Amino acid sequence: VYCNLEELRRAGSQAEPPPPAGPPLQVVGGWERHQDPLSGRCFFYHPPTGTTSWKPPRRQRQLPGGTETTPRA
């Protein structure tokens, strides 16, 4: 799931990733992993919300009854 740990460390201070320009490299939990054609860095895209991020998304836990919760920071 991680493209490169060094890329993730550098990503914290850089601009938002671009919108996806092609098919995803991987799809996990509703998030797509794409590669930025200009920088070669991987980023993550969530189609239902349009959210993009250089950092990998956190996994969500399933609660009884099928609802999801996001882990606390």
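**Figure 1. Strand 1 and strand 2 are held together by three bridges.** We start here in this predicted model, with two strands that run antiparallel, strand 2 covering residues 31-35. Across the pair, Val27 faces Glu32 of strand 2, and Gln26 sits opposite Arg33 of that strand. The two strands make a hairpin with two residues between them. In the turn you will find Gly29, whose phi is positive at about 55 degrees.

**Figure 2. Four strands build an open sheet in the order 1-2-3-4.** Pairing within this sheet is antiparallel. Its edges are strand 1 (26-28) and strand 4 (51-53), each of which pairs on one side only. On average, neighbouring strands of the sheet are turned by 25 degrees against each other, direction ignored. It is handy to view this sheet alongside the UniProt record: an unreviewed entry there lists residues 25-59 as "domain: WW". Over residues 25-59 the chain is 46% strand and 0% helix, and the C-alpha atoms at the two ends of this stretch lie 18 Å apart.

**Figure 3. Strand 2 also pairs with strand 3, over four bridges.** Strand 3 spans residues 42-46, and its pairing with strand 2 is in the antiparallel sense. Glu32, which we met opposite Val27, has Tyr45 as its bridge partner in strand 3. Six residues separate the two strands in their hairpin. Gly40, in the turn, has a positive phi of about 80 degrees. How much of strand 2 is buried? Four of its five residues are, so strand 2 is largely enclosed by the rest of the structure.

**Figure 4. His34 is a buried residue of strand 2.** The relative accessible area of His34 is 3%, and burial here means under 20%, so His34 counts as buried. Which side chain does the side chain of His34 touch in a polar contact? Look for Glu32, at 2.7 Å. The backbone oxygen of Gly22 also comes in, lying 3.4 Å from a polar atom of the His34 side chain. Leaving aside neighbours within four places in sequence, the contacts of His34 include Pro20, Pro23, Pro24 and Leu25. Also among them are Arg41, Cys42, Phe43 and Tyr45.

**Figure 5. Ser39 sits in the loop between strand 2 and strand 3.** Buried, exposed or partly exposed: which describes Ser39? With a relative accessible area of 41%, Ser39 is partly exposed. Its side chain makes a polar contact with the side chain of Asp36 at 2.8 Å. The Ser39 side chain also reaches the backbone nitrogen of Arg41, at 3.2 Å. For a view across the chain, find Pro17: it is 22 residues from Ser39 in sequence, and their C-alpha atoms are separated by 10.0 Å.

**Figure 6. Strand 3 is covered on both faces.** On one side, look for Cys42, Phe44 and His46; on the other, Phe43 and Tyr45. All of these residues are buried. Why is strand 3 described as largely enclosed by the rest of the structure? Five of its five residues are buried, so the description follows directly. Two of these residues, Cys42 and Phe43, appeared above among the contacts of His34.

**Figure 7. Strand 3 and strand 4 meet over three bridges.** They pair in the antiparallel sense, with His46 standing opposite Thr51 of strand 4. The hairpin of these two strands has four residues between them. Here Gly50 takes a positive phi near 75 degrees. Strand 4 is an edge strand, so to speak the far border of the view, and pairs on one side only.

**Figure 8. A step back shows one helix and six strands in the protein.** From the N terminus on, the elements run α-β-β-β-β-β-β. The protein has 73 residues, and buried residues make up 23% of them. Among contacts with a separation of 6 or more, 30% come from residues 24 or more positions apart. The protein exposes about 5,400 Å², with carbon and sulfur atoms supplying 52% of that area.

Key: Residues are numbered from 1 along each chain as its sequence is written. This is a predicted model: local features need pLDDT of at least 70, side-chain atom pairs count only at pLDDT 80 or more; totals for chains, interfaces and linings use all residues. Side-chain values use heavy atoms; hydrogens and water are left out. Two strands pair if DSSP finds at least two bridges between them. Axes are lines fitted to C-alpha atoms, for helices over the stretch in contact, and angles run from 0 to 180 degrees between N-to-C directions. UniProt positions are given in the numbering used here, feature names are shortened, and annotations may be inferred rather than shown by experiment. Buried means under 20% relative accessible area, exposed over 50%, partly exposed in between (1.4 Å probe, protein chains only). A polar contact is a pair of N or O atoms within 3.5 Å; within protein, one must be able to donate a hydrogen and the other to accept it, and residues adjacent in sequence count only if both atoms are side-chain atoms. Contact means heavy atoms within 4.5 Å. Accessible areas come from the Shrake-Rupley method with a 1.4 Å probe; for residues, only the protein chains shown count as cover.
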